[in-house]
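Grab a pencil and open the structure viewer. Below are some short exercises, each with a worked solution, so try each task before you read on.

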Amino acid sequence: MPSNVVAIYPGSFDPITNGHRDIIERGHKLVGRLIVGVLRNEAKQPLFSVEERVEMLREVVRPYSNVEVTSFNGLLVHFATQQGATVIFRGIRAISDYEHELQMALMNRRLQPRIETVFLMAGEQYSFVSSRLVKEVIRLDGNISGLVPPLVEDRLRKKVKGDV
Ligand code: PNS
């Protein structure tokens, strides 16, 4: 891809996992600028506020000078257009992700044909990792080390204990 390409990596990131981090690591090398977009969607009853999620993501992407993190409301393609992005990155883990991702990619293409969705595959060691499962395991006092960045593991432990 040309180095002036701007890409959006959208998601809920409640919280960021090592699978997400791996997609950012792979994606940022392909484009000039990568914007991680956190959806503001209170209907989903997130564990972390948007501000907390953005803060954790910013910490994780600190090593990458062409990656920034911001939140957005409304349609993804409107946000992407505002940011001058022509590419949307999404991670695909298993075939089970494909159907929903295909629907979203085709809907987004219909809404804005100039924006292309590009699917990236995280490392196979993360193929079973999701924010939802990580939250479930930590709530039940299971071990999640290696599945999320260390700072996220700390924040998760404090959150489920009610310390923050
Ligand atoms: O991490 P997630 O929850 O799978 O991310 C889903 C996300 C944020 C990419 C998707 O819900 C989204 O783009 N929402 C914004 C609203 C929108 O544009 N809807 C139409 C997309 S087909």
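**Exercise 1: Polar contacts of the ligand**

Task: Find which side-chain or backbone atoms lie 2.9 Å, 2.8 Å and 2.6 Å from an oxygen atom of the ligand.

Solution, step by step:

- Start with Arg-90: an N or O atom in its side chain is 2.9 Å from a ligand oxygen. Keep in mind that this is a predicted model.
- Next, look at Leu-76, where a backbone N or O atom lies 2.8 Å from an oxygen of the ligand.
- Then check Ser-12, which has a polar side-chain atom 2.6 Å from a ligand oxygen.
- Polar contacts are pairs of N or O atoms within 3.5 Å, so the Arg-90 and Leu-76 pairs pass the cut-off.
- Finally, think about cover: the ligand taken alone exposes 550 Å², and the protein buries 75% of that.

**Exercise 2: The shell around the ligand**

Task: Work out which residues surround the ligand, and which element gives the most to that shell.

Solution, step by step:

- Going along the chain, you meet Pro-10, Gly-11, Ser-12, Leu-39, Lys-44, Gly-74, Leu-75, Leu-76, Arg-90, Met-104, Met-107 and Asn-108.
- Sort them by class and you get 6 nonpolar, 4 polar and 2 charged residues.
- Now ask where they come from. Strand 1 (6-11) and helix 4 (95-111) each supply at least two of them.
- Helix 4 gives the most, with 3 residues.

**Exercise 3: The pocket**

Task: Say where the ligand sits, then describe what lines that place.

Solution, step by step:

- The ligand sits in the largest pocket, whose volume is about 1,200 Å³.
- This pocket is lined by 44 residues, and the closest to its centre are Gly-11, Ser-12, Lys-44, Arg-90 and Glu-101.
- Strand 1, helix 1 (18-27), strand 4 (87-91), helix 4 and helix 5 (131-139) are the elements that give two or more residues to the lining.
- Helix 4 again gives the most, this time with 9 residues.
- By class, the lining has 19 nonpolar, 15 polar and 10 charged residues.

**Exercise 4: Backbone oddities**

Task: Is the peptide bond from Asp-14 to Pro-15 cis or trans, and which residue has a positive phi although it is not a glycine?

Solution, step by step:

- Check omega for the bond from Asp-14 to Pro-15: omega is near 0°, and the bond is cis.
- Pro-15 is in the loop between strand 1 and helix 1.
- Phe-13 lies in the loop between strand 1 and helix 1 too.
- Phe-13 is your non-glycine with a positive phi, at about 50°.

Methods. Residues numbered from 1 in each chain as written. Predicted model: local features only at pLDDT ≥ 70, side-chain atom pairs only at ≥ 80, totals over all residues. Heavy atoms only, no water. Near = heavy atom within 4 Å. Polar contact = N/O pair within 3.5 Å; in protein donor to acceptor, adjacent residues only side chain to side chain. Areas by Shrake-Rupley, 256 points an atom, 1.4 Å probe, with all protein chains shown as cover. 1 Å grid on protein atoms, 1.4 Å probe; cavity = no way out; pocket = protein on both sides within 12 Å on 5 of 7 lines; lining within 4 Å. Sits in = over half its atoms within 2 Å of the grid points. Helix = DSSP H or I, 4+ residues; strand = E, 2+ residues; numbered from the N terminus. Nonpolar A, V, L, I, M, F, W, Y, C, P; charged D, E, K, R; others polar. Points joined across faces, edges and corners; volume = space filled by probe spheres on them.
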